[in-house]
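Biologist: I should like to learn how the features of a protein model are read. Please take me through some of them, one at a time.

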Amino acid sequence: GAVLFAALSCAMIWGRKAGLLAAIIASFSAALLIYTPYTLIETSQSFWITLLLFLTLRAFKKGGFLRWGAVGLILSFSILTRGNSWIFLPGIIAACIWGEAFRRHEIWKAALCILLFLLMTVLPQVPFALRNTVSTGKLCGPSTAAGAVLALGNTPEAPPGGRNPGTGPGPMEYPPTYKIWMDNEAQESIPHRIIAWAKEEPLAFAELTFRKALLFWDRHEIPNNIAFEYNGAKSPVWKALGIIPTGFIVVLALACMMAASKRILRQPKFAILCYFVLSYWAAMVAFYILARFRVPIIPLLCVLAAGFLHFAVEKFHQRKWRLFLLSIIAPLAIATFISYAAYELYRFGYESSVMRIARPNGVKVETPKETMLLDNGPNSFGSWSSIKLDSGAKFIKRFVIPKGEFKGVRLEISSYWESAGVAVIAVNGQSKEFHSKGAGLLDLDFNLPMPANGVFEIEAQRIDGDASLLADLQRDYGRSSVNGEILHGELVIRAWMEKQ
């Protein structure tokens, strides 16, 4: 269904040949194919959104109460599938006003069309909203999962996306701040916490939002419970047919929006398509980035990709090579950079420098009884590295202590073990023995008096086994050192300071 309506939508904008091309690209899209057998809601939403675009374009072209009512009904179904489809509502209303009031000069008809559209959007959701309201004892919409999804991508220590590409299927990273926010959601809602954090640290919030915005267009498929290299390897059909990677589609789609940007006012149907794609991008940036979250918009990206190829052929036949270079090759080069290099360049080249400006004192999270500090970033899309833990090794970690009175501090030092072993570690003169049962992460916990200067001196007194401390090379505040030398990164250590 998504392939069909992508082709029909593309044909309405650029003609039948472009529509056929969109159908071919969508049919062989690796991302669209791999998720189909799992019947995820993202697959259903891809159908609803593509049908919604087609019906919106048709209503814009021909007008009429029934057509705009049908648009509202399909928007409602898309919202019931996932609530982020609300983002399409303002643009559809604008398209209705543009089509009915400005093009056909029927202002009252436009008002009635909008009223019917809104009615059809809301009515199918009412039974679900009523059921949720009764079940929760408070006014609710048709979905109750928004808080958890928002919190996962918008805490002060949240990663921009799910698991690191290439790590296979598995659980995502749920940092302690996520648990703190969710455990206290009844006292303070997640949206309120996000707004409060954005006001407290506007640069840090903007930086995380920028990372998510850039990651959406990245060529990598970000796994969660389904991973291309693992699940796809089991399917000979997918390996034979899923030959078009998302990165290729993204490059052509971005190039289309750049190359044809001057046509937006002259081609309102193209403007509607761009609105659908860019508004969905904004909706995803408000949460976090996963490959399967990108699936609902891929058929529309296929429409843009086909449009770019149509546009490129059109310019090629004009044989105006300077114009071809500026309008085709230049957007294609910029789009390729955005999808294939931009995020990695920022991540490894500039993120640590930007974070020194955006968040000079590291992460600080307040709870009723504790203040939590850390200078490292998340493991997902981070650069965690191991530092060999040998007997006699000395480390220093300094935190910027906020104002306030604290009774003591609970220090969590992250270590990684290749095998079972024993370690005797001293922090600020207090020694403690730790036992590793096998390969994996082990937190070295200490309850200590609160040092006034925020400095923790760590010494490996005895190490029996293959062990390492962890450091994040994407954070560099100059507050970590190893054997007297400044580490160009930050030790992965978390400090929980108990309030007076």
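Biologist: How many bridges pair strand 5 with strand 14?

Modeller: Strands of a sheet pair through backbone hydrogen bonds, either parallel or antiparallel. Here strand 5 and strand 14 (residues 493-499) are joined by seven bridges in the antiparallel sense; one pair of facing residues is Gly408 and Glu498. Two strands pair if DSSP finds at least two bridges between them. Helices (H or I, at least four residues) and strands (E, at least two) are DSSP runs, numbered from the N terminus. This is a predicted model, in which local features need pLDDT of at least 70 and side-chain atom pairs count only at pLDDT 80 or more, whereas totals for chains, interfaces and linings use all residues. Residues are numbered from 1 along each chain as its sequence is written, and side-chain values use heavy atoms, with hydrogens and water left out.

Biologist: Over how many bridges does strand 5 pair with strand 8, and over how many with strand 10?

Modeller: Strand 5 pairs with strand 8 (residues 440-449) over 10 antiparallel bridges, and there Ile413 faces Leu444. With strand 10 (residues 467-472), strand 5 has three bridges, again antiparallel; Trp417 has Ala467 of strand 10 as its bridge partner.

Biologist: Is strand 5 mostly covered or uncovered?

Modeller: Strand 5 (residues 406-417) is mostly covered, with nine of its 12 residues buried. Buried means under 20% relative accessible area, exposed means over 50%, and partly exposed lies in between (1.4 Å probe, protein chains only).

Biologist: In which order do the six strands of the open sheet lie?

Modeller: The six strands follow the order 7-6-9-4-11-12, with antiparallel pairing. At the edges are strand 7 (430-436) and strand 12 (485-486), each of which pairs on one side only. Within this sheet, strand 4 (residues 394-398) is joined to strand 9 (residues 455-464) by five antiparallel bridges. Lys394 stands opposite Glu459 of strand 9, and Arg398 faces Val455 of strand 9. Strand 4 also runs antiparallel to strand 11 (residues 480-482), with three bridges, and Lys397 faces Ser480 there.

Biologist: Which residues of strand 4 form the covered face, and which the uncovered one?

Modeller: In a regular strand the side chains alternate between the two faces of the sheet. In strand 4, Phe395 and Lys397 make up the covered face, while Lys394, Ile396 and Arg398 make up the uncovered one.

Biologist: Where does Arg319 lie, and where does Phe381 lie?

Modeller: Arg319 lies in the loop between helix 18 (298-318) and helix 19 (321-349). Phe381 lies in the loop between strand 2 (370-374) and strand 3 (384-388). Although Arg319 is not a glycine, it has a positive phi of about 55 degrees. Phe381, likewise not a glycine, has a positive phi of about 60 degrees.

Biologist: Why does Arg319 count as exposed, and why does Phe381 count as buried?

Modeller: Arg319 counts as exposed because its relative accessibility is 54%. Phe381 is buried because its relative accessible area is 3%.

Biologist: Why does Lys62 count as partly exposed, and where does Lys62 lie?

Modeller: Lys62 counts as partly exposed because its relative accessibility is 44%. Lys62 lies in helix 4.
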